[in-house]
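Reader: Before the discussion begins, please place the sequence and the model in view. I should then like to put some questions on the architecture of the two chains.

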Amino acid sequence: MEQNLANSPDVPRRGAPLWVQILVWVGLIALLVLLGLGLFRAQHPIISIGSKVPDFTLKLFDDYQYQHANQTSLTSLHGKVVVVNFWASWCVTCADEAPDMEAAWHYYQPDGQVVFLGVDYTDVDSKALDFLTKFEITYPNGPDLGTRITPIFNRNIAMPETYIIDQQGILRYKQIGPFPSLAEIRTAIDPLLSGR
Amino acid sequence: MKTKTLFDLVLCMLIFILSVVPVATVSAQQPTPSDDKVNAIARQLYCPICENTPLDVCPTQACHDWRELIRQMLADGKTPNEIKQYFVDHYGARVLAEPPRAGLSWLIYVIPPLAFLIGVFLLFRAFRTWKQLRKEPATGAVAGSDPALVDEYASRLEEELRKRT
């Protein structure tokens, strides 16, 4: 009987047609999935310790070169330990760390097994160059153009940060904040070097 | 005499060149742009390192440096679009107050008006339905239903109740 009442032609139909309802629900779910993915991406870096680091290219500042080129890529450094240091001229603790990073570069440079890359994060070029001149930084340095390199390592970066990649391109170590001393830098790098 | 004339001529040309070159250099350099001109561009950009802070009101030293960079670029004759492109190239499209109409960003421009139109349509339908319901006379327990069906249902209900009592 109730079914008869519900199907009676006199009872006005309620709600939108089925295809509209399906379309709205599919649209809403798709929107929520997109939103969720966006939030997930915003919170998580692309890589973590033990994972392969995707290739990136660092265009160097005008005064800098590495192997006679004004840019370098991670794949071209395969077989070497790569120390990627994120810094900025407006970052106070980066200034504390800078002399130790340069000293570490001088320590490892003769062997040629370790490469240091300075990545300048969201900075004004002239201020960045002043910073590099002030601390006499000689290892390859360049701006993170378009902020493409930073999100690979950390989407919510806390300056300075340093990431150490082994000879096979695997991320082995990360330092959030400045290294307290040269000894700490060496402690992070030495285990990755054969024969040390 | 001829040599002296030639010397005078060269000297005059040198003086003329030296007097024109600085003027040309100065005229290429625009007067220092005002804060208003700088902020007109800065408010179209967001601080790349602070969350959700327009560049014109951002109090950090880094933002001050960026505003000075805008002033310098304006003084160098760069257009607002060129300045904004410089910021996008250096810090990414996230610095733009108005996201570019490309990739997934276009959803920002499509979804709100689409949601508004859907809302208007649903409201229109709802109002129309309510209006129809108010117009129809009440014909029993269930308005708009067949009176014969309702009577039959009511009589069966009463019969069932009688049986139970």
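Author: A definition comes first: two strands pair if DSSP finds at least two bridges between them. The model under discussion is predicted.

Reader: Which residue is the bridge partner of I164(A) in β7(A)?

Author: Strands β6(A) and β7(A) run antiparallel and are joined by five bridges. The definition asks for at least two bridges, so the two strands count as paired. Within this pairing, the partner of I164(A) is Y173(A).

Reader: Which residue of β3(A) has I164(A) as its bridge partner in β6(A)?

Author: Strand β3 (residues 81-87) of chain A and strand β6 (residues 161-165) of chain A are antiparallel, with five bridges between them. I164(A) therefore has a bridge partner in β7(A), namely Y173(A), and another in β3(A). The residue of β3(A) bridged to I164(A) is V83(A).

Reader: Which strands stand at the edges of the sheet in chain A?

Author: The sheet is open, has five strands and mixed pairing, and follows the order β5-β4-β3-β6-β7 (chain A). The strands at either end of this order each have a single partner strand, so one side of each lacks a neighbour in the sheet. These edge strands are β5 (141-143) and β7 (171-176) of chain A.

Reader: By how many degrees are neighbouring strands of this sheet turned against each other on average?

Author: The strands concerned are those of the open sheet in chain A, ordered β5-β4-β3-β6-β7. With direction ignored, the average turn between neighbours is 20 degrees.

Reader: Which residue takes a positive phi in the hairpin of β6(A) and β7(A)?

Author: Five residues lie between the two strands of this hairpin. With a phi near 85 degrees, the residue in question is G169(A).

Reader: Is α3(A) parallel, perpendicular or oblique to α6(A)?

Author: The axes of helix α3 (residues 92-108) and helix α6 (residues 182-189) of chain A come within 9 Å and cross at roughly 50 degrees. Perpendicular pairs need 65 to 115 degrees and parallel ones under 35. The angle falls in neither range, so α3(A) is classed relative to α6(A) as oblique.

Reader: How many nonpolar residues are there in the contact of α3(A) with α6(A)?

Author: On the side of α3(A), the contact involves D100(A), A103(A), A104(A) and Y108(A), which meet L182(A), I185(A), R186(A) and I189(A) of α6(A). Two of the residues are charged and none is polar. The number of nonpolar residues is six.

Reader: How does α2(B) lie against α3(B), and what is the handedness of the crossing?

Author: In chain B, the axes of helix α2 (residues 35-42) and helix α3 (residues 61-75) come within 9 Å and cross at roughly 110 degrees. This angle lies within 65 to 115 degrees, so α2(B) is roughly perpendicular to α3(B). The crossing is right-handed.

Reader: How many charged residues does the contact of α2(B) with α3(B) have?

Author: K37(B), V38(B), I41(B) and A42(B) of α2(B) meet R67(B), I70(B), R71(B) and L74(B) of α3(B). Five residues of this contact are nonpolar and none is polar. The charged residues number three.

Reader: What percentage of the residues in chain B is buried?

Author: Chain B has six helices and zero strands, whereas chain A has six helices and seven strands. In chain A, 31% of the 196 residues count as buried. For the 165 residues of chain B, the percentage is 12%.

Notes:
Residues are numbered from 1 along each chain as its sequence is written. Chains are lettered from A and ligands numbered from 1 in the order in which they are written. This is a predicted model: local features need pLDDT of at least 70, side-chain atom pairs count only at pLDDT 80 or more; totals for chains, interfaces and linings use all residues. Helices (H or I, at least four residues) and strands (E, at least two) are DSSP runs, numbered from the N terminus. Axes are lines fitted to C-alpha atoms, for helices over the stretch in contact, and angles run from 0 to 180 degrees between N-to-C directions. A residue is buried if 20 or more other C-beta atoms lie within 10 Å of its own, exposed if 12 or fewer, and partly exposed in between; C-beta atoms are placed from the backbone. Angles under 35 degrees count as roughly parallel, over 145 as roughly antiparallel, 65 to 115 as roughly perpendicular and the rest as oblique. A crossing is left-handed if the near helix is turned anticlockwise from the far one by less than a right angle, and right-handed if clockwise. Two residues are in contact if their C-beta atoms, placed from the backbone, lie within 7 Å. Ala, Val, Leu, Ile, Met, Phe, Trp, Tyr, Cys and Pro count as nonpolar, Asp, Glu, Lys and Arg as charged, and the others, Gly among them, as polar.
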